[in-house]
Amino acid sequence: MLRKWWHDKIAYQIYPKSFLDTNGDGIGDLPGIISKLDYLKALGVDIIWLSPIYQSPFVDQGYDIADYYAIAEEFGTMEDFDALLAETKKRDMAVIMDLVINHCSDKHIWFQKALADPEGEYADYFYIRDGKDGCPPSNLRSYFGGSCWEPIPGTGKYYFHMFAKEQPDLNWENPAVRHELYAMINWWLEKGLAGFRIDAIINIKKDLDFPSFAPDGPDGLAACWKMVDSVNGVGDLLEDLKNHTFRHYNAFTVGEVFNMKEAELPAFIGEDGHFSTIFDFSAHCLSNGEHGWYDAPPISFENWRRAIFESQLKVQKVGFEANIIENHDEPRGVSRFLPAWAQNDAGAKMLGTVSLLLRGIPFIYQGQELGMTNNNWHSIDEFEDINTLDQYRTALEAGLSEEEALAVCARCSRDNARTPIPWTDGPCAGFTTGTPWLPLNENASALNAASQENDPASTLSYYRRLTALRKSQEWREVFTYGRFEPAYEDEPAIMAYCRVMDGTRVLVAANFGRDTVTLRPDYTIKRVLLSNRPTEPENTLTLKSCDVIVAECCLS
Ligand code: TEU
Ligand code: CA
């Protein structure tokens with residue numbers, strides 16, 4: 001396998017709005033990020049992914065871009081951005097930005113021009129079609145609810161949007177659109193950006209006939225991903241994108257890809273694939289509800305472990321995936337993947353260990369290193385997320401009570417991951433001197449960075465040891481390139497695997513159960529490299545509830 005510069009790196013996702021506010025407007029900003037670069041360096045972070053910081057009306061929190069060349073004033077200026085690049089470079093860190101090119105904002109000049117003249121040049125930057133007998137051209141339902149087709153007043157025409165109506169989809173079949181987007185991407189890469197996280201990219205290929213599908217809900221509509229599933233040819237567009245941009249910069253690209261056809265994995269992430277890597281969402285997809293969050297199935301330990309094992313075994317034959325516990329679209333992993341008895345410090349360390357030492361590129365989401373949890377939510381009015389508000393309506397329409405619908409959103413909302421980072425136990429947790437744009441977590445006075453900073457037993461201190469182990473001279477090779485082998489699969493509460501390479505075998509084993517388990521001596525332990533236990537027991541392989549060990553094993 002050809003070695004790439006990013007293979008052994010650790011990435012960290014920043015959701016700028018909630019990271020750190022320095023001017024008291026309640027919104028995190030670029031100077032806030034710059035002031036925490038040493039914190040990130042100490043955590044072992046090599047690559048920083050910034051969720052969108054471009055100019056935007058923030059209907060979908062910046063995933064609706066009005067100007068791809070401008071920094072949102074909420075976050076700062078282009079000078080701030082350049083300073084961030086310079087400061088990261090000094091620390092030998094790289095920055096990647098979010099690339100949102102399936103759609104733009106309805107406030108983007110291209111769309112404004114398209115609306116002004118729905119027959120003109122810019123109309124062809126989007127998908128504008130005539131209605132059928134006063135109805136939309138097809139029955140697809142957008143990801144955020146309602147029809148994918150929005151009428152253009154007074155014209156009988158509609159434009160297509162897979163997300164909010166304020167996020168019109170760009171017409172990737174139009175060479176002029178591709179040309180504009182590629183020029184923009186190269187402009188950022190020229191500035192010194194290391195690459196991109198590429199948003200919702202599978203959606204760029206449309207079925208240009210825009211057929212209707214069998215309705216799958218009481219609204220008579222069908223989920224728009226059904227079109228994604230049924231259409232071929234996204235690969236040609238992705239190759240075109242790569243060949244005009246990333247390839248020339250040796251950029252690191254991580255695709256946000258759902259609904260990929262399984263046989264296409266090598267084309268996506270194999271040697272010279274469309275992307276460097278894509279996220280592994282296999283565990284997260286286990287809770288996809290058939291109709292929405294309200295019928296999302298719970299995730300059992302068994303299914304979670306199987307999903308990860310299957311994915312690891314499949315992907316290692318092809319390339320690297322990017323492993324996450326959570327991101328800005330997902331509830332906190334500690335509240336989601338851990339059983340009730342493990343939702344504590346020990347559990348957070350255990351979950352972090354088994355995730356970060358998998359084969360692939362670990363992405364830590366801001367606050368994960370502190371063991372942040374979902375928030376307690378008391379009213380639907382506390383939420384900002386457009387997706388959450390839609391899911392609340394959907395749940396009510398399905399017959400849930402207001403209380404039940406709120407409970408669904410409290411469990412699944414994307415805002416769980418978007419609450420501000422608690423930096424201190426002071427006012428507003430040190431996040432802002434003003435009013436935070438989204439409520440702080442109720443546990444912020446107990447769970448914050450300052451209280452963990454100098455406590456060797458804290459989740460933060462443990463994460464530092466964990467990343468240091470992964471990156472150490474001695475072990476980075478096996479954690480980067482070592483084969484993944486499931487272990488103790490017959491133990492119903494143990495998540496365990498080995499990373500194996502030439503003369504080295506490392507066992508990672510965690511007890512997600514409530515009871516103590518003594519593992520069979522399948523492996524002879526040479527020494528424990530890391531564990532979350534205060535003292536090592538007589539028998540290394542005796543794991544109490546929430547214990548995790550990382551141990552070097554003898555080969556035979
Ligand atoms: O997400 C794409 C996507 O498919 C999401 O709708 C995802 O399924 C959902 O958030 C899960 O609840 C990306 C971004 O990550 C997300 O924040 C944006 O809202 C979306 O694209 C539109 O740009
Ligand atoms: Ca601010």
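Two strands are said to pair if DSSP finds at least two bridges between them. With that idea in hand, let's look at a residue that sits in such a pairing: phenylalanine 484 stands opposite arginine 499 in β17. Keep in mind as we go that this is a predicted model.

Let's stay with this part of the structure for a while. Strand β16 covers residues 483-487, and it pairs with β17 in the antiparallel sense over five bridges. Another of the facing residues here is alanine 487, whose bridge partner in β17 is alanine 496. The two strands form a hairpin with six residues between them, and tyrosine 488 in this hairpin takes a positive phi near 50°.

Now follow the chain through β17 to the next strand. Strand β18 (residues 504-511) runs antiparallel to β17, and eight bridges join the two. Arginine 499 turns up again here, because a strand can have neighbours on both sides: this residue stands opposite valine 506 in β18. β17 and β18 also form a hairpin, this one with two residues between the strands, and aspartate 502 in its turn has a positive phi of about 35°.

Is β17 enclosed or open to the outside? Eight of the eight residues of this strand (residues 494-501) are buried, so the rest of the structure largely encloses it. In a regular strand the side chains alternate between the two faces of the sheet. You can trace the two sets in β17: Ile494, Ala496, Cys498 and Val500 point one way, while Met495, Tyr497, Arg499 and Met501 point the other way, and all are buried.

Stepping back, these strands belong to an open sheet of five, in the order β16-β17-β18-β22-β20, with antiparallel pairing. At its edges lie β16 and β20 (525-531), each of which pairs on one side only. Ignoring direction, neighbouring strands of this sheet are turned by 25° against each other on average. Helix α15 (residues 459-471) packs on the sheet, where it touches β20 and β22 (548-553), and its direction makes about 130° with that of β20.

Elsewhere you will find a second arrangement of strands. Eight of them make a closed barrel, running β1-β2-β5-β10-β12-β13-β14-β15 with parallel pairing. From one strand to the next, the twist averages 30°. One pair to pick out is β5 (residues 94-99) with β10 (residues 195-198), which are parallel and share four bridges. In this pair, isoleucine 96 stands opposite glycine 195 in β10. Helix α5 (residues 175-191) packs on the sheet and touches both β5 and β10, with its direction at about 135° to that of β10.

Helix α5 has a helical partner too. Helix α3 (residues 78-90) packs with α5 at an angle of about 55°, and their axes are 11 Å apart. That angle makes α3 oblique to α5. Met78, Phe81, Asp82 and Leu85 in α3 meet Trp187, Trp188 and Lys191 in α5. Five of the residues in this contact are nonpolar, none is polar and two are charged.

Our last stop is the calcium ion (ligand 2). Which protein atoms are its donors? They come from Asp21 (OD), Asn23 (OD1), Asp25 (OD), Ile27 (O) and Asp29 (OD), at 2.3 to 2.4 Å from the ion. Along the sequence, these donor residues are spaced D-x1-N-x1-D-x1-I-x1-D. Two of them make a nice contrast. Asparagine 23 has a relative accessible area of 53%, so this residue is exposed, whereas isoleucine 27, at 15% relative accessibility, counts as buried.

Conventions
Residues numbered from 1 in each chain as written. Chains lettered and ligands numbered in written order. Predicted model: local features only at pLDDT ≥ 70, side-chain atom pairs only at ≥ 80, totals over all residues. Heavy atoms only, no water. Donors = N, O, S within 2.8 Å, 3.2 Å for Na, K, Ca; no water. Buried < 20%, exposed > 50% of the residue type's maximum accessible area, 1.4 Å probe, protein only. Axes fitted to C-alpha atoms, helices over the stretch in contact; angles between N-to-C directions. Contact = heavy atoms within 4.5 Å. Parallel < 35°, antiparallel > 145°, perpendicular 65-115°, else oblique. Nonpolar A, V, L, I, M, F, W, Y, C, P; charged D, E, K, R; others polar.
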